[in-house]
Amino acid sequence: VIKCKAAVAWEAGKPLSIEEVEVAPPKAHEVRIKIVATAVCHTDAYTLSGADPEGCFPVILGHEGAGIVESVGEGVTKVKKGDTVIPLYIPQCGECKFCKNPKTNLCQKIRITQGKGVMPDGTSRFTCKGKQIYHFMGTSTFSEYTVVADISVAKIDAAAPLDKVCLLGCGISTGYGAAVNTAKVEPGSTCAVFGLGGVGLAVIMGCKIAGASRIIGIDLNKDKYAKAKEFGATECISPQDSKKPIQEVLVEMTDGGVDYSFECIGNVGVMRAALEACHKGWGVSVIVGVAAAGQEIATRPFQLVTGRTWKGTAFGGWKSVDNVPKLVTEYMSKKIKVDEFVTHTLPFDKINEAFELMHSGK
């Protein structure tokens, strides 16, 4: 058993608490990882807020991490002690019907137990002050050591800087893949990206790499426009700058609508606007943001009858074990940006400050 520091969420709506936790050794088909770096994501904040119906407490959150394998359980063959890895919140077992189908990346092998905050055998590897602590998204990267299923880990280039590539565990991969895998943006096309946070910037990067000729960024926070343009946005607009609904503004700006739109916020009203900003006959709108539990989307069916397509994406459509190492290689060869997404680097005990910076849009 390893004793180490972790940021524990004891209950919903309270700041994380840095505690000494015990991390049990990995059982069969499990891997214990020394986490070197982790990022914060709105999904962590969503669960911490208490709004997530699957949220269990007390829990160790975090799902954008990178580290080194400390030890492996019986039967683990794909990674060994000392390997550099990224934990995966969407695993890839290679055996379930989802993994065998090229149309999806949503491996279901450990979905049930992962959603309940436990390892595949139904138990937790974390304890603190004599209490069992739940796992989160199969990763729990807000701990100096974590245990994950062996199908939830990608072995990556040992030379990769872990304080950067941890971002490929969720946000950057999700946005980039939404553009290149889910939408399949084509050269010369016009794109609109709603929400210019980390995921939105990654979508812009993907659209640019795919050869889009016009990329319109949409956000209420104008402080985000300069960064969006660095990533490839050709122009940025705010819905507050016009009395008309934003979809009407975009339809006018683009002679009938955009070829591709992306919702990167998780707001069902914006999802509707993103669809209705698409061009009749061929426009495709991709939902990337995760809306709160119980919310529903609405539009007039005529929007779809007249040739628009509404799609969703999870982790950018990447089959995780196969593709995360390739994304790291693309970063190392300067094909995709990662460093530019990092705005602040804080010590672990300042993790609550990191959430404050995220909520303030910084």
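**Figure 1. Cysteines of the predicted model, which holds zero disulfides.** The sulfur of Cys 107 is the nearest cysteine sulfur to Cys 93, at 3.7 Å, and Cys 93 is in no disulfide. Because its relative accessibility is 10%, Cys 93 counts as buried. Cys 191 likewise is in no disulfide; the nearest cysteine sulfur belongs to Cys 207 and is 3.7 Å away. With a relative accessibility of 0%, Cys 191 also counts as buried. These separations do not qualify because a disulfide requires the two cysteine sulfur atoms to lie within 2.5 Å.

**Figure 2. The largest nonpolar core, comprising 81 residues.** Leu 16, Ile 86, Val 165, Leu 168, Val 185, Cys 207 and Phe 262 have the most contacts inside this core. Domain 1 (2–169 + 319–352) and domain 2 (174–314) each contribute at least three residues to the core. Apart from the largest core lies another, of 14 residues, including Phe 194, Ile 218, Ala 277 and Cys 278.

**Figure 3. Surroundings of Ile 86.** When residues up to four places away in sequence are not counted, Ile 86 touches Gly 65, Ala 66, Ser 152, Val 153, Ala 154 and Ile 156. The contacts of Ile 86 also include Val 165, Leu 168, Gly 169, Val 324 and Val 328.

**Figure 4. The largest cavity, with a volume of about 70 Å³.** A search of the whole structure finds one cavity of 30 Å³ or more. The lining of the largest cavity consists of Ile 110, Thr 113, Gln 114, Val 118, Met 119, Pro 120, His 135, Gly 138, Ala 149 and Ser 152. Five of these lining residues are nonpolar, five are polar and none is charged.

Terms used. Residues numbered from 1 in each chain as written. Predicted model: local features only at pLDDT ≥ 70, side-chain atom pairs only at ≥ 80, totals over all residues. Heavy atoms only, no water. Core = buried A, V, L, I, M, F, W, Y, C linked by side-chain atoms within 4.5 Å. Buried < 20%, exposed > 50% of the residue type's maximum accessible area, 1.4 Å probe, protein only. Domains from an automatic or database assignment. Contact = heavy atoms within 4.5 Å. 1 Å grid on protein atoms, 1.4 Å probe; cavity = no way out; pocket = protein on both sides within 12 Å on 5 of 7 lines; lining within 4 Å. Points joined across faces, edges and corners; volume = space filled by probe spheres on them. Nonpolar A, V, L, I, M, F, W, Y, C, P; charged D, E, K, R; others polar.
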